Structures are given as C-alpha cells and as structure tokens.
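Biologist: I would like to learn how to read helix packing and internal cavities in a model. Please take me through some cases.

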Amino acid sequence: MEGVSVRKIKKICVFCGANSGKDVAFVNAAFHLGEVLGKRKIDLVYGGGKLGLMGCVSTAVAQHERQVLGIIPSAFTINNLVGETCGKEIKVATMQERLVMMMELSDAFIALPGGFGTLEELFQMISWAQLSIHNKPIGVLNINGFFNGLLSFVDHVVKQEFITPRARKILISATTADELVDKLQAFRFESDPALSKLKWSPSSSQKEKLDLTLRL
C-alpha cells in the first residue's frame with residue numbers, strides 16, 4: 001500500500017450469520033477474520049451473543065485481547081436466546097436502534113456470509129453511505145464465492161441505471177481478511193454532490209431515524 005493514504009480504523013463492525021452455514025470454510029474464515037483484527041489491534045462491534053459465525057469472530061477477537069462490544073436487542077436476551085456475549089454488551093430496544101448505534105460506534109463495516117438479517121444490515125449501511133449519513137468503508141468477505149451472485153446482481157442494477165457507478169464504489173469486496181482490511185483502510189469516500197447537501201442531525205426524532213430506511 002505504498003504511496004496510498006491509509007484511513008485509521010480502530011473499530012470494525014462485523015455483520016454475519018447466527019448460523020455457521022453449510023461450508024466449514026465460513027467458520028474458518030470467521031475465526032481468521034477475528035485473528036486478523038486482533039493482530040492489527042482493531043476492536044470489534046457486532047450483534048452480540050455467541051451463535052454461529054457471530055460467536056466465531058467475537059471469540060477470536062477476544063482471544064487476541066482486543067475489545068468486543070455486542071449491541072443486542074433486549075428481546076434476544078430473554079431465556080438466553082443467543083447465548084452470552086463475548087465482551088461488553090449494550091442492550092437496545094429495537095433493531096433500528098441497534099443498527100444506528102453500530103454505525104455511530106464503528107469506523108468500518110464487514111459482512112461475512114449470513115442470511116436476511118446480515119443482508120439487511122449490509123445494504124442499510126450502503127444506502128446510508130449513499131445518502132452521506134456516514135462516509136465509512138463497507139466490504140464483504142467473499143469466502144468461496146459466497147457473495148458472487150450478490151455482486152453480480154449489484155453490477156446488473158448498475159447497468160440498468162438504478163445504481164450509479166459512483167455509488168457502486170461504496171461496496172468493497174475481497175477474498176481474504178487481510179486484503180479486505182487493506183482495502184477498507186485505503187477507501188476514499190466519493191459523495192454524490194446532490195446527496196452530500198442533505199443535513200442529517202444527530203438529534204433527529206425517532207420518525208426521522210425511521211426515515212433513513214427510505215428506498216432509493
């Protein structure tokens with residue numbers, strides 16, 4: 001990365017499945033990502049609990065003596081539904097509050113394989129970046145081609161002119177954890193001139209926060 005200005009990343013939020021998935025490579029990659037974050041002295045923000053890939057990455061980060069913060073809706077803590085969070089835990093009332101807090105407390109975002117919840121979190125962060133609500137880098141760790149179909153679909157949407165080439169650059173991808181973190185650190189946000197003029201107040205009402213989900 002010689003000659004490239006490097007973004008300082010202290011905390012990365014990881015979105016991933018509460019299941020382990022079919023391919024053991026997903027589990028291995030989640031543990032390895034946690035190891036990479038730990039060795040680079042990067043703390044973890046995640047959805048809390050110890051299930052599936054979420055448990056793998058949080059355990060690995062904690063084993064490397066980095067801080068782990070789980071942000072979890074109170075509903076998930078009833079009857080120990082998702083297991084004990086590996087590290088500090090913040091309970092919130094709603095899924096939306098959880099995602100807003102993840103955005104505010106993280107310097108970058110990584111998605112590992114997961115289901116609808118993971119995809120929702122990933123695309124919510126992308127749409128918020130498009131709206132200039134934040135300017136933080138977002139990437140997917142494309143393990144064994146897991147995200148190939150999604151990336152191809154996004155490129156298809158660009159060709160159909162629903163996503164601009166500028167906005168497409170928001171979503172980064174890599175096949176290894178080290179490569180992805182390098183790309184996140186080198187990322188330079190290019191905002192849309194019109195959307196960058198929008199004013200987003202940190203003291204917005206709950207209604208305004210819900211309006212962040214508007215579809216473009």
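Biologist: Which hand does the crossing of α1 and α8 have?

Modeller: The crossing of α1 and α8 is right-handed. Note that this is a predicted model.

Biologist: How is such a packed pair described in general, and what are the values here?

Modeller: Two packed helices are described by the angle between their axes and the distance between the axes. Here the axes of α1 and helix α8, residues 177-186, cross at roughly 50° and come within 9 Å. That makes α1 oblique to α8, because angles under 35 degrees count as roughly parallel and 65 to 115 as roughly perpendicular.

Biologist: Which residues of α1 and α8 meet?

Modeller: From α1 they are His-32, Leu-33, Val-36 and Leu-37, and from α8 they are Ala-177, Asp-178 and Val-181. By class, the contact of α1 with α8 has five nonpolar residues, one polar and one charged.

Biologist: At what angle do α1 and α2 pack, and how far apart are their axes?

Modeller: Helix α1 covers residues 24-39 and helix α2 covers residues 52-63; their angle is about 30° and their axes are 7 Å apart. The two helices are therefore roughly parallel to each other. α1 passes α2 in a right-handed crossing.

Biologist: What does each helix bring to the contact of α1 and α2?

Modeller: α1 brings Phe-26, Val-27, Ala-30, Phe-31, Leu-33, Gly-34, Glu-35 and Leu-37, and these meet Leu-53, Cys-56, Val-57, Thr-59, Ala-60 and Val-61 in α2. The residues of this contact divide into eleven nonpolar, two polar and one charged. Leu-33 and Leu-37 of α1 take part in the contact with α2, and they also meet α8.

Biologist: Are α4 and α5 parallel or oblique to each other?

Modeller: Helix α4 (residues 95-105) and helix α5 (residues 116-130) pack at about 60°, with 11 Å between their axes. They are therefore oblique to each other. α4 passes α5 in a right-handed crossing. On the α4 side the contact is made by Gln-96, Arg-98, Leu-99, Val-100 and Met-103, and on the α5 side by Glu-121, Gln-124, Met-125 and Trp-128. By class, these residues are five nonpolar, two polar and two charged.

Biologist: How does one look for empty space inside a model, and how many cavities of 30 Å³ or more are there?

Modeller: Rolling a probe the size of a water molecule over the atoms shows where empty space is left. In this model the count comes to one cavity of 30 Å³ or more. The largest cavity has a volume of about 60 Å³.

Biologist: Which residues line the largest cavity?

Modeller: The lining consists of Met-95, Gln-96, Arg-98, Leu-99, Glu-120 and Glu-121. The elements that give two or more residues to this lining are α4 and α5. The largest share, four residues, comes from α4. The lining divides into two nonpolar residues, one polar and three charged. Gln-96, Arg-98, Leu-99 and Glu-121 appear in the lining, and they also take part in the contact of α4 with α5.

Biologist: A last point, on the backbone. Which residue in the loop between α5 and β6 has a positive phi?

Modeller: Ser-132 has a positive phi of about 65° although it is not a glycine. Its place is in the loop between α5 and β6, the latter being 138-141. Glu-161 is another residue other than glycine with a positive phi, near 65°. Glu-161 lies in the loop between α6 (148-159) and α7 (165-168).

Conventions:
Residues numbered from 1 in each chain as written. Predicted model: local features only at pLDDT ≥ 70, side-chain atom pairs only at ≥ 80, totals over all residues. Heavy atoms only, no water. Axes fitted to C-alpha atoms, helices over the stretch in contact; angles between N-to-C directions. Parallel < 35°, antiparallel > 145°, perpendicular 65-115°, else oblique. Left-handed = near helix turned anticlockwise from the far one by under 90°. Contact = heavy atoms within 4.5 Å. Nonpolar A, V, L, I, M, F, W, Y, C, P; charged D, E, K, R; others polar. 1 Å grid on protein atoms, 1.4 Å probe; cavity = no way out; pocket = protein on both sides within 12 Å on 5 of 7 lines; lining within 4 Å. Points joined across faces, edges and corners; volume = space filled by probe spheres on them.
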